[in-house]
Amino acid sequence: MENNYLIEKYIQNCLSSQEELEFNTLLKTDANFKKEVGFHTNLKKVVKHEDATNFRNFIVGLEDRTKNTTSKKSFLKWFAAASIVVLFGLSYLLIPKQNVSTNALFASYFEPYRNVIAPIVRGENQQDDKTLAFIAYEKGEYQTAIVLFSKLYASTKEPYYLFYKANALLKLERAKEAIPLLLHHLKTKDTLTEKTNWYLALAYLKIKEKKKAKDLLKRVITTNSYHNKEAKELLKKMD
Amino acid sequence: MNIDHIKKFIENNPKEISKLYYSNRDSFLNFGKKYGLDYDDLTDIYQEAFIALRNHALNGKLDTIKSSIKTYLFGIGKFMIYDLLKDKKRTTNYEPSLHIQDDIAPVSFVNEEEELSMEQHLLKQFFNKLGKKCQEMLTLFYSRGLSIDDIIEFTDYTSSSVVRSQKSRCIKTLREMIKS
């Protein structure tokens, strides 16, 4: 009971200095206590992570709603202005070019590359880390997939793990972290490297590095690589 | 800092959070314009700054802050603007004096979000299977930093023994899920 009280205070960062001494001694001498502290520390991290993710999703939702409302309002404003112009008998209108946000373009063009490494057949796969990683990836559990891809890349150095980890990061809108992996992947002679420029272009688009994104899209087009048709479309929309 | 704002983050009432979010959004976008960033950049920064503000509120960093919530939020935003400008290599020096003059002091922010380990991922899956009441109870205690007595203040529970036994039951359920 006394120990539970210490753990509770530790979790809430409010141990007194006397309690801290006691806590550290128990941590060194009592294996069960140490295990218990580990459990509560993990739980704290998980709960905080979930709470933060839910809050982030809520805020992103607020912002998306605002942007939609703003674009509707802009349309209404434009419509009102256009009506006035028509009333005044002008023969044509100069419609301002629509400024599509880089986020919206990223969202409409990005799709995680399909799993071509470890095809998942229901009931027939061994539950090794590689299979688990690709199962998580296919199920959309990208956070789990990222952890497993990192582990697998560290042990095997197979370049395709960089590619898939970057795809999972992009799906979680963590383009900044995906970019170094894609740049690294480009230097390898992996069978998937031909597709990397497309994803790298999208990653730069996501972080609003438009010039880099455009250069890469041009490269995708000139080398006739993966998604060159989409690259042409996207390039036009970015101008 | 007004304690009510900190409470709003702890209570996490969607209506109150939205109100707080929108009450400073437009003025921040105006404030940020002078740094030459576009609307998308500034809305992204405002979102991140607001999320950071909440982290600071939950970690107790706002308890001793004298400035208003708006000044503090803008301070975080300003720090993030400098960070983005640095990324874009539009500037090489971050002395506030070299930038546009205003009364907002940048507030540094460190992204504390870490990746979960495999073990924590599994625990997360079990946590998500708990009932809503248990998830709420554990969130108040582990994430929002409320003590057992604080939880009484923020919820309908009437005594610390009830809170404690409810929390224990939730943890017991979680442990049973892990074992099975």
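Good morning. Read along its sequence, chain B follows the pattern α-α-α-α-α-α-α-α. In other words, chain B has 8 helices and 0 strands. Please keep in mind throughout that this is a predicted model.

I shall begin with confidence. The average pLDDT of chain B is 86, and 90% of its residues score at least 70. For the model, the ipTM is 0.89 and the pTM is 0.60.

Let us stay with chain B for a moment. Of its 180 residues, 30% count as buried. Consider next the contacts in chain B between residues at least 6 apart in sequence: 67% of them join residues at least 24 apart.

A single residue of this chain provides an example. B:Asp63 sits in the loop between α3 and α4 of chain B, where α4 covers residues 69-87. Is B:Asp63 buried or exposed? A residue with 12 or fewer other C-beta atoms within 10 Å counts as exposed. B:Asp63 has 11 C-beta neighbours inside 10 Å, and therefore it counts as exposed. Along the sequence, B:Asp63 is 60 residues away from B:Ile3, yet their C-alpha atoms are 7.6 Å apart in space.

I turn now to a pair of helices in chain B. The axes of α6(B) and of helix α8, residues 160-179 of chain B, come within 10 Å and cross at roughly 110°. How should we describe that arrangement? Angles of 65 to 115 degrees count as roughly perpendicular, and so α6(B) and α8(B) are roughly perpendicular to each other. From α6(B), the contact is made by B:Cys134, B:Met137, B:Leu138 and B:Phe141, and from α8(B) by B:Gln166, B:Lys167, B:Cys170 and B:Thr173. Sorted by class, the residues of this contact are 5 nonpolar, 2 polar and 1 charged.

Chain A offers another pair of helices. Helix α6 of chain A spans residues 142-156 and helix α7 of chain A spans residues 160-171; their axes come within 9 Å and cross at roughly 155°. Angles over 145 degrees count as roughly antiparallel, and α6(A) and α7(A) are therefore roughly antiparallel to each other. Their crossing is left-handed. On the α6(A) side, the residues that meet α7(A) include A:Tyr142, A:Ile146, A:Phe149 and A:Tyr153. On the α7(A) side, A:Tyr161, A:Lys165, A:Ala168 and A:Leu169 are among those taking part. By class, this contact of α6(A) with α7(A) comprises 11 nonpolar, 1 polar and 2 charged residues.

Let us look more closely at A:Ile146, which lies in helix α6 of chain A. A residue is buried if 20 or more other C-beta atoms lie within 10 Å of its own. A:Ile146 has 26 such atoms within 10 Å, so it is buried. Leaving aside residues up to four places away in sequence, A:Ile146 touches A:Lys165, A:Ala168, A:Leu169 and B:Glu115. The C-alpha atoms of A:Ile146 and A:Leu169 are separated by 7.3 Å, although these residues are 23 residues apart along the chain.

The contact with B:Glu115 leads us to the interface between the chains. How many residues of each chain are in contact with the other? There are 26 from chain B and 28 from chain A. On chain B, four helices each supply at least two residues of the side that touches chain A: α2 (14-33), α3 (39-58), α5 (118-129) and α6 (132-143). This side of chain B is made up of 10 nonpolar, 9 polar and 7 charged residues.

Thank you for your attention.

Notes. Residues numbered from 1 in each chain as written. Chains lettered and ligands numbered in written order. Predicted model: local features only at pLDDT ≥ 70, side-chain atom pairs only at ≥ 80, totals over all residues. Contact = placed C-beta atoms within 7 Å. Nonpolar A, V, L, I, M, F, W, Y, C, P; charged D, E, K, R; others polar. pLDDT = per-residue confidence, 0-100. Axes fitted to C-alpha atoms, helices over the stretch in contact; angles between N-to-C directions. Parallel < 35°, antiparallel > 145°, perpendicular 65-115°, else oblique. Left-handed = near helix turned anticlockwise from the far one by under 90°.
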